[in-house]
Amino acid sequence: MRVVLLGLFAMQALALPTMIRLGYPNCVSCHISPQGGGLLNVYGRGIDQAQSLAGGEYKPSDNEIARLLSWQGRITQDVRMVGQEVLSTSPGQPVVGVSRSRFMYRNATELGGGFRFSALIMGENIGAPRPSRAYDHALIPGTAMIVSALLQYRPAKKNLEFAVGRDALPTGVYVPDLGSYIRSRNRGGYYDNPTQIKMFWWGKRYQITPFVFGPGGHEAVGERETGGGTLAEFDLLGKQRTVIGATVLRASAAKGERRLMGAYTRLGFGKWGVLAEHDITDRTFGSTPSFRQQATYVQPFWALREWLVGSLVGERLTIDRPYRESLTAGKVELAMRLRSQMTVTVGFRMQRNMLTGGWSPAATLQLALKTVN
């Protein structure tokens, strides 16, 4: 049995994943990019402030330096400093500590005529790749890298946006936990940012996101995928609280292929809601026969206060022969948005290997800090 204790400044001061309960069916209202997970627009920063323990009204900086740095309001940007301490032990072994630090700069610059350029630059002393598997090797990042760089175009008064460049692929349920099966087994790590062209088309009750992609440049030789896919979602009851969606993806590389089909939902009802996703992936790798991978994620959450949200997370992963795996995990988590710049999260996770019967517990303490302009 292995015990892991984490104390960290998280990679991103992420918005709490509960906005569906307040009638926000997608990310367009609060985020600059319709994919979400990035910089907030002015409205989103106001919501971010209002949902914190500090409360109050968001007031942007309006001094001479702020106007100069924001190019008279054309640039939205933030800086994030990250520190991480990991302590691990196993029976009969001494405690091992790892220190990780990370710096991030995010920028979204309005170029005029509906065009925008956005980028995320990150530097770190120790990488955090997804787990390396025989059929899916981890990426090897540099100490400094451009994680995302996109040229985006949104026609005036249109619910439509096009983007081209390097970025994370669209996803139906954004899960910030890199250790989740949905992310770690579906190429959703920090550095899985392929070159892509994608389109976002949305309305009051729907969003459709087709995309095509190619290698990002960090993949192992023979695993540099090209492919495409689509996400499509619909507000089932028309009250912006019951979103159901599906995703399909097909990718090929010199060493194999992936064919993914998934379904997801985001449900919200007043103080509580549910996020859930189930993906089925058929893979080939080298000369081995085709094998199937299934990953499930379910997160019921409850807003005790606007700034205090508790969650229960259940996960399941199964992989067929010849790479057979069977894992189950559960997690209890409490997220506290103390200020718009700071979120503290505490949690406990227990994972069981269903083939060996082994248990792997983990306790987490997370502090996320960011600047707000």
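Analyst: In this predicted model, a residue lines a cavity if it has an atom within 4 Å of one of the cavity's points.

User: Why are Pro25 and Asn26 said to line the second largest cavity?

Analyst: Both Pro25 and Asn26 belong to the lining of that cavity, so by the definition each has an atom within 4 Å of one of its points. The lining also includes Gly203, Lys204, Arg205, Tyr206, Gln207, Glu233, Phe234, Asp235 and Val243.

User: What volume does the second largest cavity have, and which strands supply at least two residues of its lining?

Analyst: The volume is about 60 Å³. Strand E8 (206–214) and strand E9 (226–235) each supply at least two lining residues, and E9 gives the most, with three.

User: What makes Lys204 a charged member of this lining and Gly203 a polar one?

Analyst: Lys counts as charged and Gly as polar, so Lys204 and Gly203 fall into those classes. By class, the lining has four nonpolar, three polar and four charged residues.

User: How many cavities of 30 Å³ or more does the structure hold, and how much space lies in the largest?

Analyst: There are three cavities of 30 Å³ or more, and about 110 Å³ of space lies in the largest. Of the 14 residues that line the largest cavity, Tyr135, Arg187, Glu225, Gly256 and Phe285 are the closest to its centre.

User: Which strands each supply at least two residues of the largest cavity's lining, and how do its residues divide?

Analyst: Strand E11 (256–269) and strand E12 (272–285) each do so. The lining residues divide into three nonpolar, three polar and eight charged.

Key: Residues numbered from 1 in each chain as written. Predicted model: local features only at pLDDT ≥ 70, side-chain atom pairs only at ≥ 80, totals over all residues. Heavy atoms only, no water. 1 Å grid on protein atoms, 1.4 Å probe; cavity = no way out; pocket = protein on both sides within 12 Å on 5 of 7 lines; lining within 4 Å. Points joined across faces, edges and corners; volume = space filled by probe spheres on them. Helix = DSSP H or I, 4+ residues; strand = E, 2+ residues; numbered from the N terminus.
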